[in-house]
Amino acid sequence: MLTLKLQPKFFIAMLYPLIAIILISLIHVGYSDYKYIQNNTYQQAKNNLDIANEYLNQHANAVNNQLYLLSEIYKYNYDITDFLLSAQHLLNNENKYLEIGLLTSNNEYYATNHVYNSDPDDNKSRPWFKENMSNDKPFVSKLYKSEQTKKWTVAIVCLLPLSNGETARIVLELDILGLYEKLSLLKTLMNGYVYAVDSTTGDIVMHPDKSRISTKSISVSSTVLDEIINNKNALNTINYTYNGQDKFSIYEVNNQLGWILLSNSNNGDIKYKAFNIGAVSLALLAVIIVITLAIYISHRIHTKGQLLSESARLEDIYLALSQMASELFRFDNILFFIHNPYNQKFEEPIYNIALNEDDVFQEVSTNKIQVLKVEKPLTPKVSSNHRCARIPLYNKGELLGVIYLTNANLKHLHFIRIFRNYAQSALINMLLTQKIRSEDSMTNLMNKLYLRQQMAFQIRCKTENTYLAMIDIDDFKAINDTYGHLFGDRVIIKTADMLKHYFNHQSVTSRYGGEEFAVLFHAKNDKQAQQELNEFRYGIETMVISSEPYNCHLTVSIGFTALRNSVDKTIYDADKALYRAKTNSKNRVYQSI
């Protein structure tokens with residue numbers, strides 16, 4: 001009879017092949033995770049570049065418009081005093097401008113804040129002076145420190161042909177640090193950021209570390225700069241080492257300032273994210289089933305995380321979050337509250353719930369993810385009898401939103417943290433994009449798109465005692481024709497300031513278009529609404545707008561209505577009331593009939 005002896009050497013012989021199979025499987029999983037996160041990071045960096053590029057081009061267009069207006073003012077009668085008054089007015093109302101000046105055909109330099117220099121050689125030696133300039137395209141100077149403010153700046157200079165055949169130059173200095181303030185909020189993974197390099201010198205123009213400004217870029221070396229200028233780098237990607245860390249940058253060169261705009265990330269951050277999940281699998285080497293499960297979970301997380309990173313609309317982010325959470329955890333409902341600082345509420349868009357921000361700040365006093373029974377829930381959707389996961393979403397210490405997973409009993413917080421990281425990153429990028437696209441750059445009021453979104457939300461929530469007022473500056477064309485467009489801009493800005501003064505943060509004040517404004521506000525009844533609007537109208541009527549040598553009084557006509565069952569119907573009724581006010585002597589407040 002044949003007998004089989006199971007000796008220890010057979011198991012020893014099987015042990016190493018088995019370990020090798022497991023390690024190969026783990027390496028494959030880690031590499032797959034790495035590739036998923038790498039592609040996701042590249043996409044996130046590209047999205048940041050698109051936002052930054054749009055932001056810089058908007059400001060460049062605004063500067064070009066201001067240079068054009070200033071040139072028209074100077075060409076009208078070649079009066080330097082009129083030019084300086086207009087330039088000073090513009091400087092006082094725009095905090096991203098440092099100095100506005102005029103280099104005359106005699107090479108005398110006049111600028112805001114009483115700056116004057118009669119030395120032609122000294123004026124021609126300034127960083128913004130270029131001998132042979134084109135009439136068609138403004139010149140963007142290299143980076144330098146402003147003589148007056150000692151701040152980092154670049155100047156945008158336009159050549160102004162004069163009627164006598166000679167030329168003058170109009171100079172506008174931009175505050176680089178002020179311009180970079182919003183771009184510094186764009187992040188890729190944990191430590192990635194957006195920065196800019198001068199394409200002619202290779203010097204850093206914008207960087208989160210102020211000490212790096214005006215130094216040579218490590219990533220954009222002279223060789224790389226030559227490849228970029230000559231379009232030899234088809235991938236638009238730079239790999240480099242800085243302080244012992246391997247990094248990469250994605251770049252674009254299509255902006256009006258002539259800079260190379262880059263968004264970078266640390267390869268170590270990508271590896272950390274990838275192998276953070278791999279570490280869980282390594283702890284379970286002996287259990288092949290658990291390893292397979294970890295592979296599946298990792299794949300699903302990064303698939304949904306990639307969808308989150310590519311989402312720009314709130315509806316898409318909500319859907320991707322719901323799908324991601326449902327595949328990771330067991331729970332009944334997901335509630336996604338987002339902070340709206342304009343009405344001091346935390347709003348849940350799907351269930352039309354709005355919570356007072358003070359109540360939320362009191363309940364969510366820590367950055368920790370908590371799974372607990374909430375003793376006094378802020379909404380009936382969260383039961384005090386069941387445990388729920390409360391996931392706060394922060395950015396630089398500011399609470400942006402809160403996610404509740406109701407009736408959830410989660411023991412392992414690792415996957416919740418990954419879920420929170422993706423949700424946090426997607427929300428930060430969405431809010432920044434929304435702010436850039438929803439704010440009127442001249443008045444810092446919200447624009448028409450944001451107003452309609454807030455009206456739609458209030459209608460869905462069936463909020464009572466909410467009113468929409470349409471406001472129009474009377475005879476604005478005559479003001480422009482009489483005092484000039486720069487004075488007209490001042491009228492618009494002062495009207496916007498008065499709106500913010502008379503209506504609190506719970507109201508949505510917006511510039512609807514041109515000289516027309518709108519405000520969405522709360523009042524106890526029609527009488528109080530009309531009273532508040534009349535107070536604002538009277539404040540405008542008694543205000544004097546001064547800009548040497550002009551003084552101007554103005555009035556506004558206002559039409560208002562209570563919130564209807566649709567956005568378009570509400571706007572239509574308020575517009576009809578405004579039309580009645582305009583056709584009945586103006587300077588009136590009329591309610592929709």
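Strands β6 and β7 form a hairpin with 5 residues between them, and G165 in the turn has a positive phi of about 90°. Helices (H or I, at least four residues) and strands (E, at least two) are DSSP runs, numbered from the N terminus. Two strands pair if DSSP finds at least two bridges between them. This is a predicted model, in which local features need pLDDT of at least 70 and side-chain atom pairs count only at pLDDT 80 or more, while totals for chains, interfaces and linings use all residues. Residues are numbered from 1 along each chain as its sequence is written, and side-chain values use heavy atoms, with hydrogens and water left out.

In the hairpin, β6 and β7 (residues 167-175) run antiparallel and are joined by 9 bridges. One of the pairs is C158 with its bridge partner I170 in β7. Strand β6 (residues 152-161) is mostly covered, with 9 of its 10 residues buried. Here buried means under 20% relative accessible area and exposed over 50%, with partly exposed in between (1.4 Å probe, protein chains only).

Strand β6 has further antiparallel partners. Strand β5 (residues 144-145) is joined to β6 by 2 bridges, and Y144 stands opposite T153. The hairpin of β5 and β6 has 6 residues between the strands, among them K150 with a positive phi near 60°. Strand β4 (residues 139-140) is also joined to β6 by 2 bridges; F139 has V157 as its bridge partner.

The next element to look at is helix α5 (residues 222-229). Its residues V224, L225 and I228 are buried. Seen down the axis of α5, the buried residues fall within an arc of 100°, so they line one face of the helix. The arc is that of the directions from the helix axis to the C-beta atoms. An α-helix has 3.6 residues a turn, so residues three or four places apart point the same way. On the face of α5 turned away from the buried side are the exposed residues S222 and T223. The cover over the buried residues of α5 includes β9 (192-198), β11 (237-242), β12 (245-252) and β13 (259-266). After α5 comes N231, whose phi is positive, near 55°.

Further along the chain is an open sheet of 5 strands, in the order β21-β22-β20-β25-β26, with mixed pairing. At its edges are β21 (508-513) and β26 (589-591), each pairing on one side only. From one strand to the next, the twist averages 20°. Within the sheet, β20 (residues 466-473) and β22 (residues 516-522) run antiparallel and are joined by 7 bridges. T466 stands opposite H522 in β22.

Helix α11 (residues 448-460) packs on this sheet and touches β20, β21 and β22 (contact means heavy atoms within 4.5 Å); its direction makes about 130° with that of β21. Axes are lines fitted to C-alpha atoms, for helices over the stretch in contact, and angles run from 0 to 180 degrees between N-to-C directions. Helix α15 (residues 567-583) lies across β20, β21, β22, β25 (556-562) and β26, at about 145° to β25.

How do these two helices meet? The axes of α11 and α15 come within 9 Å and cross at roughly 110°. The two helices are therefore roughly perpendicular to each other, a term that covers 65 to 115 degrees. Their contact is made by R452, M455, A456 and I459 of α11 and V567, D568, T570 and I571 of α15.

Definitions and conventions
Parallel < 35°, antiparallel > 145°, perpendicular 65-115°, else oblique.
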